[in-house]
Amino acid sequence: MTAQAGRRGAGGWLLGVFLMAVLVACQPVEDVEPSPEGQAVEAEDAESGPLDIGAVEESLDDTATEWDSDATLVEMAVRPGPDRHWTELRSTHLAPDADRMLILRHDGTALSEEEATLDTLGFHVLDDAALAVVPALPDDVVDPASAATAAAEAPDGCGMADEPHEILYTTGAPGAWDGSGWAQEPRWTVTVLGEGGGVLLDIDGALRSEPCIDLP
């Protein structure tokens, strides 16, 4: 299959994933005072080798559940740095019937908490039944460095002109929720984004059958 065919096959849902990342990054948010228990991701992790996404999720879980006891992780984003060590990570959490999402950011030295209103971002509030469909992050989640390596094996590099600038671990929530049902049932995937293109992987790092996506 050609790279161009893969780009066409990725469809609007993948564009939605990308746009969600842009919206979350750019929209005004409300800062929340972080609790001492929230400082779980230590700065030295950025220098210790491949980032263990599963461990990061566990370390941030206490902070998310302090925000809401039923908080659900729906996305993580990692910005690679030199030697593919991470320089910044962001996690996004939803809660049943909450009109806003929790965004946790870590820059390698400090953890900060923010809230973004769903309506402002163009998303619908999810009830308990909707969030129950969102799967937990699998144990075999690929680390960012390995995801970048796997993406390099895509046909023609899927148009990426340079090293990846962001690696997204996403379920499709809340973007795929239309207020009454899922346009596409949530599933963890990995999207490696770079200048000029992107590559879609399964959560274990395997290339999808149509891995290439166009970026706006």
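In which strand is the place of Thr 170? Select residues 166–170 in this predicted model. They form strand β6, and Thr 170 belongs to that strand.

**First stop: Thr 170**

Display the side chain of Thr 170. The residue has a relative accessible area of 1% and is therefore buried, the cut-off being under 20%. Next, add Gly 172 to the selection. A polar atom of the Thr 170 side chain lies 3.3 Å from the backbone nitrogen of Gly 172.

**Second stop: from β6 to β7**

Now select residues 189–194, which make up strand β7. How do β6 and β7 pair, and over how many bridges? The two strands run in the antiparallel sense, with 5 bridges between them. To view one facing position, show Tyr 169 together with Val 190 of β7, since these residues stand opposite each other.

Remain with β7 and examine its covering. Of its 6 residues, 6 are buried, and the strand is thus described as mostly covered. Colour Thr 189, Thr 191 and Leu 193 in one shade, as they point one way from the strand. Give a second shade to Val 190, Val 192 and Gly 194, which point the other way. Residues in both sets are buried.

**Third stop: the hairpin of β7 and β8**

Extend the selection to residues 197–202, strand β8. β7 pairs with β8 in the antiparallel sense over 6 bridges. Within this pairing, Val 192 stands opposite Val 199 in β8. Between the strands of this hairpin there are 2 residues. Centre the view on Gly 196, which takes a positive phi near 95 degrees.

**Fourth stop: the disulfide**

Which residue does a disulfide join to Cys 158? Select Cys 158 and Cys 212: their sulfur atoms are 2.0 Å apart, and a disulfide joins them. These cysteines link distant parts of the chain, being 54 residues apart. Cys 158 is in the loop between α5 (144–151) and β6, whereas Cys 212 is in strand β9, residues 207–213. The count of disulfides comes to 1.

Rotate the view to look at the S-S bond. Why is the disulfide of Cys 158 and Cys 212 left-handed? The torsion about its S-S bond is about -75 degrees, so the disulfide has that hand.

Finally, are Cys 158 and Cys 212 buried or exposed? Cys 158 is buried, with a relative accessible area of 0%. Cys 212 also counts as buried, because its relative accessibility is 0%.

Definitions and conventions. Residues are numbered from 1 along each chain as its sequence is written. This is a predicted model: local features need pLDDT of at least 70, side-chain atom pairs count only at pLDDT 80 or more; totals for chains, interfaces and linings use all residues. Side-chain values use heavy atoms; hydrogens and water are left out. Helices (H or I, at least four residues) and strands (E, at least two) are DSSP runs, numbered from the N terminus. Buried means under 20% relative accessible area, exposed over 50%, partly exposed in between (1.4 Å probe, protein chains only). A polar contact is a pair of N or O atoms within 3.5 Å; within protein, one must be able to donate a hydrogen and the other to accept it, and residues adjacent in sequence count only if both atoms are side-chain atoms. Two strands pair if DSSP finds at least two bridges between them. A disulfide is a pair of cysteine sulfur atoms within 2.5 Å.
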